[in-house]
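Trainee: I would like a close look at a single part of this model. Please take one strand and follow its surroundings outward, in one connected account.

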Amino acid sequence: MKAAIILNEPYPHGMACANRTHLYTRGLAELGNDVVVVIPRPTEFPGSIRNPEGSGIYDGVRFRYANGPVISKSFAGRRIQNLLSPGLTLGVLLRFRPDVILVVSNSLRHILTGKLAALLAGAKLVREKTEVPYYRLKELSRLKKIRIRLEFKLFDGLLVISPALRAFFKSEMNLKNLKIAEVPILIGKNPALPDKITPPDFKNLVYTGSLIDSKDGILTIIRAFSKIPVIGKWSR
């Protein structure tokens, strides 16, 4: 199988989304599939470039920036990059001729580029989703629900991280014909870490996620830990 992943993040050195996507692709590559990560736009700012290579192989995974990795310093240059990126991305995908295109992006531009490439290449289009759309809103309006249904009907399948997300798209959004696969959050093993770690003798809890409660529920996490009874040296 040939699979192309449209990733709207810096790669290979990036944040959680890029790391999660890398584990998808590495797993597919290790199973003998031909996989490439396509980054449709430049992601690196001049002066703080973490990913200088426009293409290459990282940890067994091929990647390619469709329009180079570095954002132009000039206003006109950035506008030209924005203008050219969809066409260049489409060209990369069509030359690769994938069987499956996975979209890891919320950008409508990238979704439509992926859909066009899928139609021209005869590929299946799949979307990864780790959060409910418009998660910052307490309630979805009728118009937003219609938009979500129309957007996700463009896809042949969906990857979600939890049963709750599956239920949201199947039941609340009434996308009963959409094929959905649950893939829990993946982590890679760091070979530098020992197999057994002795628990530290202190009571600190460290949280490194978002402080926006509507996103990761930090207040719920704090309330949950406050309910843990005293066990040994651990206390509330």
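Mentor: Strand E2 (residues 34–39) and E4 pair in the parallel sense over four bridges. The model is a predicted one, and E4 is the part to follow here. Two of its bridge partners can be named on the E2 side. Val37 has Phe63 of E4 as its bridge partner, and Ile39 is bridged to Tyr65 in E4.

On the other side, E4, which covers residues 61–65, pairs with strand E3 (residues 55–58), this time in the antiparallel sense and again over four bridges. Here Ile57 has Arg62 of E4 as its bridge partner, and Ser55 stands opposite Arg64 in E4. E3 and E4 form a hairpin with two residues between them. One turn residue is Asp59, whose phi is positive at about 50°. In general, strands of a sheet pair through backbone hydrogen bonds, and the pairing may be parallel or antiparallel.

The side chains of E4 alternate along the strand. Val61, Phe63 and Tyr65 point to one face and are buried. Arg62 and Arg64 point to the other face and are not buried.

Now place E4 in the whole sheet. The sheet is open, has eight strands in the order E3-E4-E2-E1-E5-E6-E7-E8, and its pairing is mixed. E3 and strand E8 (179–182) stand at the edges; each has a single partner strand, so one side of each is left without a neighbour in the sheet. From one strand to the next, the twist averages 25°.

Two helices on the sheet are worth describing. Helix H1 (residues 16–30) lies across E4 and also across strand E1 (2–7), E2, E3, strand E5 (100–104) and strand E6 (124–129). Its direction runs at about 175° to E1. Helix H5 (residues 163–172) packs on the sheet as well, touching E6, strand E7 (157–160) and E8. The direction of H5 makes about 170° with that of E8.

H1 and the hairpin turn also come up among the charged pairs. The structure holds seven salt bridges. As a general matter, side chains of opposite charge can pair when their charged atoms come close. One of the salt bridges joins Glu30 to Arg26, with the closest N and O atoms 3.6 Å apart. Both residues are in helix H1; because they are four residues apart, about one helical turn separates them. Glu30 counts as exposed, at 61% relative accessibility, whereas Arg26 is partly exposed, with a relative accessible area of 26%.

At the E8 edge of the sheet, the side chains of Glu182 and Arg166 meet in a salt bridge, 2.8 Å from N to O. Glu182 is in strand E8 and Arg166 in helix H5, so this pair links distant parts of the chain, 16 residues apart. Glu182 is partly exposed, with a relative accessible area of 36%. Arg166 counts as partly exposed too, at 27% relative accessibility. Returning to the hairpin, salt bridges that share partners join Asp59 with Arg26 and Glu30 into one network.

Another salt bridge is between Arg127 and Glu151, where the closest N and O atoms are 2.6 Å apart. Arg127 lies in strand E6 and Glu151 in helix H4 (residues 142–152), so the pair ties together parts that are 24 residues apart in sequence. Both Arg127 and Glu151 are buried.

Away from these pairs, one nonpolar feature of the surface remains. Ile80, Leu83, Leu84 and Leu88 make a nonpolar surface patch of about 390 Å². Leu83 is found in helix H2 (residues 75–96). This residue is exposed, with a relative accessible area of 68%.

To return to the starting point, E4 has E2 as a parallel partner and E3 as an antiparallel one. Its buried side chains point to one face, while its two arginines, Arg62 and Arg64, point to the other.

Definitions and conventions:
Residues numbered from 1 in each chain as written. Predicted model: local features only at pLDDT ≥ 70, side-chain atom pairs only at ≥ 80, totals over all residues. Heavy atoms only, no water. Pairing = 2+ DSSP bridges. Patch = residues over 30% accessible without salt bridge, like charges linked within 9 Å, V, L, I, M, F, W, Y side chains within 5 Å. Areas by Shrake-Rupley, 256 points an atom, 1.4 Å probe, with all protein chains shown as cover. Salt bridge = Lys/Arg side-chain N within 4 Å of Asp/Glu carboxyl O. Buried < 20%, exposed > 50% of the residue type's maximum accessible area, 1.4 Å probe, protein only. Axes fitted to C-alpha atoms, helices over the stretch in contact; angles between N-to-C directions. Contact = heavy atoms within 4.5 Å.
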